[in-house]
Amino acid sequence: TGNTYIVEFKKDLLSTGGSSSGEKFSDYITIVRDNSEYKLNINSYVGKKEINKTTEKNGIAATVISKDMYMEHEIYNIKIKKKTNSDIILDSKNSTTSTYLLDNNNVKYYAYLNEIPDNNLYIKYNYEKDLSIKFSSAYSSERNMKALYFSNLKMINSSNEEINFRVNI
């Protein structure tokens, strides 16, 4: 795909005397141009894309800073700040489908929230937190994400209101 190639590694033919042993492994390697140099991204890492888009709603400011793309998933680096007089919980983890990416074809890609400690999803009033969230999105150079959703974000106040928070990408 584009500048990403699958490379298969096998045992040394000279030392084994043949290729019938069947022992091999594969890796994805991406060739990127950095200034005037060509570099290799290995271990299925495709590359990084700067996004820097901010959305503000209900006293919450969320910025999608960048994303790291791998062949089998993407990691979004975000910054969240709560500006009003209540704390928030980004996701209660009661559902595996409540935090997701949405692409231009309205396909959802869900977050691996089990990899994030609960206290990292809790944001105190007037506090800023950096998070890296992994999503189940296999790499495609053709796909464009349009938004990141926290569909059961909870405001910790007298009503404990749940809101649907969308961050445009």
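Strands are DSSP runs of at least two residues, numbered from the N terminus. In the predicted model described here, Thr54 belongs to strand E4, which comprises residues 45-57. Outside the residues up to four places away in sequence, Thr54 touches Ala62 and Thr63. With Thr63, the link involves the side chains, which are joined by a polar contact of 2.7 Å. A further reference point for Thr54 is Ile75, which is 21 residues away in sequence; the C-alpha atoms of Thr54 and Ile75 are 17 Å apart in space.

The chain as a whole contains 1 helix and 13 strands. In sequence order, these elements follow the pattern β-α-β-β-β-β-β-β-β-β-β-β-β-β. The chain is more spread out than a compact globule, because its radius of gyration is 20 Å, well over the 15 Å that the globule rule gives for 169 residues. The extents of the C-alpha trace were also computed: along the principal axes, the trace spans about 75 × 35 × 30 Å.

Burial, contacts and surface were then examined for the chain. Of its 169 residues, 38% count as buried. Among contacts with a separation of 6 or more, 51% are accounted for by residues 24 or more positions apart. The area exposed by the chain is about 10,000 Å², of which carbon and sulfur atoms supply 45%. As for charge, the chain carries 23 positive and 21 negative charges, and the mean positions of these two sets are 5 Å apart.

Backbone geometry was considered at two loop positions. Lys93 is found in the loop that runs between strand E7 (87-89) and strand E8 (99-103). Although Lys93 is a residue other than glycine, its phi is positive, near 65°. The relative accessibility of Lys93 is 27%, so this residue counts as partly exposed, the partly exposed class lying between the 20% limit for buried residues and the 50% limit for exposed ones. Asn106 is placed in the loop between E8 and strand E9 (108-110). Asn106 is likewise not a glycine, and its phi is also positive, at about 60°. Strand E8 is therefore flanked by the loop that holds Lys93 and by the loop that holds Asn106, with strands defined as DSSP runs.

Definitions and conventions:
Residues numbered from 1 in each chain as written. Predicted model: local features only at pLDDT ≥ 70, side-chain atom pairs only at ≥ 80, totals over all residues. Heavy atoms only, no water. Helix = DSSP H or I, 4+ residues; strand = E, 2+ residues; numbered from the N terminus. Rg over C-alpha atoms; globule rule 2.2 N^0.38 Å. Buried < 20%, exposed > 50% of the residue type's maximum accessible area, 1.4 Å probe, protein only. Contact = heavy atoms within 4.5 Å. Areas by Shrake-Rupley, 256 points an atom, 1.4 Å probe, with all protein chains shown as cover. Lys, Arg positive; Asp, Glu negative; His and termini not counted. Charge placed at Lys NZ, Arg CZ, Asp CG, Glu CD. Polar contact = N/O pair within 3.5 Å; in protein donor to acceptor, adjacent residues only side chain to side chain.
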